[in-house]
Amino acid sequence: MSLVINHNLMAMNAARNLSTSFGALSISTRRLSSGLRIGNAADDAAGLAVRELMRADIASLNQGVRNANDAISLIQTADGALAVIDEKLIRMKELAEQAATGTYNSDQRLIIDSEYQAMASEITRIANATDFNGIHLLNGNLSGTHDGTGLTSTGQMKVHFGTENDSAEDYYYIKIDTATASALGLGNQADTTDKGYSISTQSAAQNALVGINEAIVSKDNIRAKLGALQNRLQNTISNLQIQAENLQASESRISDVDVALEMTEFVRQQILSQAAVAMLAQANSLPRLAMQLLGG
């Protein structure tokens with residue numbers, strides 16, 4: 001190579017190598033400081049696309065867990081109210097048994113029937129008053145066909161926990177039948193042909209014993225369905241948590257930096273940068289040889 005003064009080719013080469021090494025050093029520093037192998041699309045375009053989809057699914061699954069937990073809370077609220085209704089039904093059965101015997105006269109049966117009707121009214125009040133986040137649970141609002149097209153959904157409650165909208169994977173319905181006294185066939189708000197309408201006469205009280213048993217069975221069916229749904233939701237939560245965990249592990253393998261490997265690369269680029277700086281300094285001093293020749 002000739003000794004020239006217009007161009008310092010060796011310095012240019014050293015500067016280019018320094019720029020390359022320093023750029024790679026900057027990337028290693030960013031990865032080590034952020035913990036991410038993929039910081040922008042230039043690092044790995046395909047990996048970035050896959051990672052962002054995974055991150056969206058992970059966030060959706062975590063929210064799905066919260067949705068399922070909220071549904072469990074709703075079911076527990078309904079079940080607690082039904083447990084109180086259960087106590088009222090037991091008292092009504094006791095009153096019907098009392099009125100069914102022949103040792104009481106008509107006036108006394110009317111007194112017994114007044115408490116019986118009060119228990120029926122309380123069952124209706126509990127059913128109408130039980131709500132979760134403003135959603136009434138036992139008054140029949142959640143017993144019809146689901147319709148979510150309006151601002152307020154009607155019918156069965158759709159519990160959504162999956163990442164898409166597939167009925168086989170992402171949601172199912174909570175249906176709660178009506179638990180008012182009239183729906184159970186009890187009290188003077190029920191149909192007059194219902195067995196549990198009244199206990200004001202001995203015959204009516206004897207029929208009410210059968211009607212109350214049927215009401216207890218109906219109430220137990222509601223509670224059994226709620227219990228099965230709660231167990232299903234708990235299993236759903238476990239499955240969602242496992243899915244989120246596995247997706248997080250996959251996203252980590254794609255996105256996160258291997259610190260050991262990246263630290264090795266960092267040290268390598270650091271040495272190359274230091275060597276390039278040293279050689280650039282040497283290359284910048286070489287044109288002085290030409291000055292020595294000119295001065296000589």
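**Notebook: spans, a cavity and single residues**

Over residues 211-294 I read 94% helix and 0% strand, with the end C-alpha atoms 123 Å apart. The model I am working from is predicted. UniProt lists this stretch, residues 211-294, as "domain: Flagellin C-terminal", in an unreviewed entry.

**Entry: the other annotated spans**

I took the N-terminal annotation next. The unreviewed UniProt entry gives residues 5-141 as "domain: Flagellin N-terminal". I find that span to be 77% helix and 3% strand. Its end C-alpha atoms are 92 Å apart.

The record also holds a "coiled-coil region". UniProt, again in an unreviewed entry, puts this feature at residues 219-250. I checked the secondary structure there: 100% helix and 0% strand. From end to end, C-alpha to C-alpha, residues 219-250 cover 47 Å.

**Entry: helix 4**

How many residues does helix 4 have? I count 54, running over residues 202-255. From the first C-alpha to the last, helix 4 reaches 78 Å. That is close to the 80 Å expected at 1.5 Å a residue.

Where does helix 4 bend? I located the bend at Ala208, and the angle is about 25°.

I noted a general point on helices as well. An α-helix has 3.6 residues a turn, so residues three or four places apart point the same way.

**Entry: the cavity**

I searched for cavities of 30 Å³ or more and got one. The largest cavity holds about 30 Å³ of space. Which residues line the largest cavity? I listed Lys175, Ile176, Asp177, Ile222, Lys225 and Leu226. I then sorted the lining by type: three nonpolar, no polar and three charged.

**Entry: the loop before helix 4**

I looked up two threonines here. Thr193 sits in the loop between strand 4 and helix 4. Thr193 counts as exposed because its relative accessible area is 64%, over the 50% cut-off. I also took its distance to Ser106: 21 Å in space, C-alpha to C-alpha, for 87 residues in sequence.

Thr201 also lies in the loop between strand 4 (171-174) and helix 4. Is Thr201 exposed or partly exposed, and what is its relative accessible area? I get partly exposed, at 40%. Its C-alpha is 9.9 Å from that of Ala96, with the two positions 105 residues apart along the chain.

**Entry: Ala24**

I placed Ala24 in helix 1 (residues 9-34). Ala24 has a relative accessible area of 22%, so it falls between the 20% and 50% cut-offs and is partly exposed. I then checked a pair far apart in sequence. Ala24 and Arg268 are 244 residues apart along the chain. Their C-alpha atoms are 9.7 Å apart in space.

**Entry: Asn133 and Leu137**

I turned to the loops around strand 2. Asn133 is in the loop between strand 1 (131-132) and strand 2 (135-136). Its phi is near 55°, a positive value in a residue other than glycine. For context, most residues other than glycine have a negative phi. Asn133 is exposed, with a relative accessible area of 72%.

Leu137 is in the loop between strand 2 and strand 3 (157-160). Is Leu137 buried or exposed? I read 0% relative accessible area for Leu137, which means buried, as the cut-off is under 20%. I compared its position with Asn105. The two are 32 residues apart in sequence and 40 Å apart in space, C-alpha to C-alpha.

Definitions and conventions:
Residues are numbered from 1 along each chain as its sequence is written. This is a predicted model: local features need pLDDT of at least 70, side-chain atom pairs count only at pLDDT 80 or more; totals for chains, interfaces and linings use all residues. Side-chain values use heavy atoms; hydrogens and water are left out. Helices (H or I, at least four residues) and strands (E, at least two) are DSSP runs, numbered from the N terminus. The expected span of a helix is 1.5 Å times one less than its number of residues. The bend at a residue is the angle between axes fitted to the seven residues ending there and the seven starting there. On a 1 Å grid over the protein atoms alone, a cavity is a set of points where a 1.4 Å probe fits but cannot get out, and a pocket is an open set with protein on both sides within 12 Å along at least five of seven lines; lining residues have an atom within 4 Å of a point. Grid points are joined across faces, edges and corners, and a volume is the space filled by probe spheres set on the points. Ala, Val, Leu, Ile, Met, Phe, Trp, Tyr, Cys and Pro count as nonpolar, Asp, Glu, Lys and Arg as charged, and the others, Gly among them, as polar. UniProt positions are given in the numbering used here, feature names are shortened, and annotations may be inferred rather than shown by experiment. Buried means under 20% relative accessible area, exposed over 50%, partly exposed in between (1.4 Å probe, protein chains only).
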